[in-house]
Amino acid sequence: MIVVVGMAFEARIAAGLGVPVICGGDGKHLSANLTHAMAAGCGGLISFGVAGGLAPGLKPGSCVIGSAVLDGDVERPTDARWSQRLMRMIPGSMLGTIAGVHEPLALASEKQDLHEKTGALIVDMESHVVARAAAEHGVPVAAIRVVVDPVTRTIPRSALAGTRSDGTIDPLAVMRSLVRYPRDLAGLIRMSFDARAARAALVRGSGLLGPGLGLLDTAVPSLVPQIALLEREFTAQADA
């Protein structure tokens, strides 16, 4: 099994799940990296991390288990057994379609339009690549995503400017963009609270799932120490 994320902080959380993790970053090399990683054998793929909200009412921290992933005009179903098991293990999660895109949807109007056209609950930049790779290799796939920006929220330009191609954040790039677009500051502050809720939900979810995301039937050690460490790390980063 391989877990696929888009951002470095998601990779740190997923690292405690006891399976290999690939960070897609800007997504340009994700397909090739997945093919290479799966060459040695792979029992399944999991798309894990945050996503943009498309459906009204989804708040930061809401957890969606993918029932299917939209890859352009193709709808790729996830593994029903895995998805139902994940639903049981994460109370309050919901089942629904995930839309895949190649570029971030920054405008609230763009997200609203995509929901109206597709009915998808959330959107991200990795799940469609993961679902396509699973179909090509004949392995099961599941998706666990937590909302970070609700459908009504427009992502500030400065937030996008600070995202590096490897999935890390460049604080200096954010500051340079803020000099040009000072009105972004209020949006960045709102996003910081949204991100805090989303990260906390990911940490809680990974703790509920445990090693192998609860999908591997092997005996494994407890994740409690790892989850406690992640929570301390997150709190320290948020207070910095």
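This passage describes the cores, several helices, a hairpin and a surface patch of a predicted model.

In soluble globular proteins, nonpolar side chains tend to be buried together. The largest nonpolar core of this model contains 29 residues. Within that core, the residues with the most contacts are Val-3, Ile-46, Phe-48, Ile-144 and Leu-213. Several elements give two or more residues to it. The strands are strand 1 (2–5), strand 3 (45–53), strand 4 (63–71) and strand 8 (141–149). The helices are helix 1 (8–14), helix 3 (80–89) and helix 8. Helix 8 supplies the largest share, with 5 residues. Another core lies apart from this one and has 14 residues. Val-4, Cys-42, Val-129 and Val-141 are among them.

Phe-48 illustrates the contacts of a core residue. Neighbours within four places in sequence are left aside here. Phe-48 then touches Val-3, Val-4 and Val-5. Its contacts also include Glu-10, Ile-13, Ala-14 and Leu-17. Ile-144, Arg-145, Leu-202 and Ser-206 complete the list.

Helix 8 spans residues 184–209 and includes Phe-193. Phe-193 has a relative accessibility of 58%, so this residue counts as exposed; the cut-off for exposed is over 50%. Together with Leu-185 and Ile-189, Phe-193 forms a nonpolar patch on the surface. The three residues have about 310 Å² of accessible area together. Helix 8 thus holds Phe-193 and also gives residues to the largest core.

Ser-158 presents the opposite case, in helix 6 (residues 157–161). Its relative accessible area is 0%, so Ser-158 is buried; the cut-off for buried is under 20%. Which residues are in contact with Ser-158, leaving aside its neighbours within four places in sequence? They are Val-174, Ser-177, Leu-178, Tyr-181, Asp-184 and Leu-188.

Helix 5 covers residues 127–137. Its buried residues are Ser-127, His-128, Val-129, Val-130, Ala-131, Ala-133 and Ala-134. Of these, Val-129 belongs to the core of 14 residues. Gly-138 follows helix 5 and has a positive phi, near 70°.

A positive phi is also found at Gly-72, near 65°. Gly-72 sits in the hairpin of strand 4 and strand 5, which has 2 residues between the strands. Strand 5 comprises residues 74–77 and pairs with strand 4 in the antiparallel sense. The pairing runs over 4 bridges. Asp-71 stands opposite Val-74 of strand 5. Strand 4 also gives two or more residues to the largest core.

Terms used: Residues are numbered from 1 along each chain as its sequence is written. This is a predicted model: local features need pLDDT of at least 70, side-chain atom pairs count only at pLDDT 80 or more; totals for chains, interfaces and linings use all residues. Side-chain values use heavy atoms; hydrogens and water are left out. Patches are made of residues with over 30% relative accessible area and no salt bridge: like charges are joined within 9 Å, nonpolar side chains (Val, Leu, Ile, Met, Phe, Trp, Tyr) within 5 Å. Accessible areas come from the Shrake-Rupley method with a 1.4 Å probe; for residues, only the protein chains shown count as cover. A salt bridge is a side-chain nitrogen of Lys or Arg within 4 Å of a carboxyl oxygen of Asp or Glu. Buried means under 20% relative accessible area, exposed over 50%, partly exposed in between (1.4 Å probe, protein chains only). A nonpolar core is a set of buried Ala, Val, Leu, Ile, Met, Phe, Trp, Tyr and Cys residues joined through side-chain atoms within 4.5 Å. Contact means heavy atoms within 4.5 Å. Two strands pair if DSSP finds at least two bridges between them.
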